[in-house]
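This report is written for a reader who has not met this structure before. It goes through the sheet, the helices packed on it, the nonpolar cores, the salt bridges and the cysteines in turn.

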Amino acid sequence: MKFFLATKNKHKLIEFKRILSDLNYDVICESDLDFTLEDVEETGLTFEENAFLKANSAMKATGLPSIADDSGLCVDYLDGAPGIYSARFAGEPVDNEKNNQKLLSLLKDVKKDDRTAKFVCSIVCVFPNGTTLKAKGECHGYIAEEKCGNNGFGYDPLFVSSVGCFGTISDKEKDSVSHRGRALEEFSKVLCEYMKEV
């Protein structure tokens with residue numbers, strides 16, 4: 001079976017393909033199509049709602065079972081912000097450096113114990129027959145006082161997990177604990193159970 005991976009984020013695409021390769025399903029993305037998908041307005045109030053909007057739109061456009069995710073950083077001191085607005089935290093256009101600087105500014109002089117945060121990822125797969133599969137993953141940690149390393153993307157250089165800062169650890173280490181890695185692990189189980197019934 002062929003699946004369409006609905007993301008325009010090249011970093012997410014790399015992570016998804018790296019983790020999904022073990023499922024032995026044919027996964028394609030927009031660059032494999034002979035047309036361009038329209039951007040989806042993310043009007044949902046949760047990560048799951050936004051993931052569904054993207055997956056459902058892609059399924060209608062391609063006719064293929066389509067997988068999408070929505071993810072972001074939730075900082076406890078900021079009452080869960082930036083949350084679903086993580087990518088555009090510092091405004092348009094999306095700028096990771098400005099997002100990181102804004103976060104550091106808002107947490108200036110905040111002690112380590114109060115800098116707790118989590119990355120959240122919701123994955124939704126919509127099939128042409130109307131079936132919808134869902135999975136969620138979280139990774140808990142804290143926000144560093146300054147950027148560490150150049151690996152990853154987004155807020156990775158500021159997020160410190162149980163195995164280290166996402167900006168300094170290897171892809172394998174990150175996949176083992178990351179929100180997306182955990183969500184994809186859960187999704188693979190849900191998908192395998194569904195495929196047994198089809």
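## The middle of the sheet

Strands S3 and S4 run antiparallel and are joined by ten bridges. The model in which they appear is a predicted one. S3 covers residues 66-75, and S4 covers residues 116-126. Within this pairing, Cys74 stands opposite Lys118 of S4.

S4 is also joined to S5, again in the antiparallel sense, by eleven bridges. Here Ile123 has Ala135 of S5 opposite it. The two strands make a hairpin with five residues between them, and Gly130 in the turn has a positive phi of about 100°. S4 is mostly covered, since nine of its eleven residues are buried.

## The whole sheet and its edges

What is the order of the seven strands in the open sheet? The order is S2-S1-S3-S4-S5-S6-S7, with mixed pairing. Strand S2 (26-28) and strand S7 (164-165) stand at the edges. Each of these has a single partner strand, so one side of each is left without a neighbour in the sheet.

At the S7 edge, strand S6 (residues 159-161) pairs with S7 in the antiparallel sense over two bridges. Val160 has Cys165 in S7 as its bridge partner.

## Helices on the sheet

Helix H1 packs on the sheet and touches S1, S2, S3 and S4. The direction of H1 makes about 115° with that of S3. Helix H2 packs on the sheet as well, touching S1, S3, S4 and S5. For H2, the angle with the direction of S3 is about 160°.

## Nonpolar cores

The largest nonpolar core has 21 residues, and Ile67, Ile123 and Phe187 have the most contacts inside it. At least two residues each come from strand S1 (2-5), helix H1 (10-20), strand S4 (116-126), strand S5 (132-143) and helix H5 (179-197). H5 gives the largest share, five residues. Leaving aside residues up to four places away in sequence, Phe187 touches Ile67, Ile123, Cys125, Leu133 and Ala135. Two of the residues touched by Phe187, Ile123 and Ala135, are the pair that stand opposite each other where S4 meets S5.

Another core, of 18 residues, lies apart from this one; among its members are Val75, Tyr155, Leu158 and Val177.

## Salt bridges

How many salt bridges does the structure hold? There are twelve. In one of them the side chains of Glu48 and Lys134 meet, at 3.0 Å from N to O. Glu48 lies in helix H2 (residues 47-62) and Lys134 in strand S5, so this pair ties together parts that are 86 residues apart in sequence. Glu48 is partly exposed, with a relative accessible area of 36%, and Lys134 is partly exposed too, at 45%.

H2 also supplies Lys54, which forms a salt bridge with Asp70 of strand S3; the parts tied together are 16 residues apart in sequence. The closest N and O atoms of Lys54 and Asp70 are 3.2 Å apart. Are these two residues buried or exposed? Both Lys54 and Asp70 are buried.

A further salt bridge joins the side chains of Arg88 and Glu92, at 2.9 Å from N to O. Arg88 is partly exposed, with 43% relative accessibility, whereas Glu92 is exposed, with 61%. Salt bridges with shared partners also join Lys8, Glu30 and Asp39 into one network.

## Cysteines

The count of disulfides is zero. Why is Cys148 not bonded to Cys165? The closest cysteine sulfur to that of Cys148 is in Cys165, but at 4.3 Å it is too far for a bond, because a disulfide needs sulfur atoms within 2.5 Å. Cys148 is partly exposed, with a relative accessibility of 24%.

Cys192 is in no disulfide either, and the nearest cysteine sulfur, that of Cys125, is 12 Å away. Cys192 is found in helix H5 and counts as partly exposed at 33% relative accessibility. Cys192 and Phe3 lie 189 residues apart in sequence, while their C-alpha atoms are 14 Å apart in space.

Key:
Residues numbered from 1 in each chain as written. Predicted model: local features only at pLDDT ≥ 70, side-chain atom pairs only at ≥ 80, totals over all residues. Heavy atoms only, no water. Core = buried A, V, L, I, M, F, W, Y, C linked by side-chain atoms within 4.5 Å. Buried < 20%, exposed > 50% of the residue type's maximum accessible area, 1.4 Å probe, protein only. Helix = DSSP H or I, 4+ residues; strand = E, 2+ residues; numbered from the N terminus. Contact = heavy atoms within 4.5 Å. Salt bridge = Lys/Arg side-chain N within 4 Å of Asp/Glu carboxyl O. Pairing = 2+ DSSP bridges. Axes fitted to C-alpha atoms, helices over the stretch in contact; angles between N-to-C directions.
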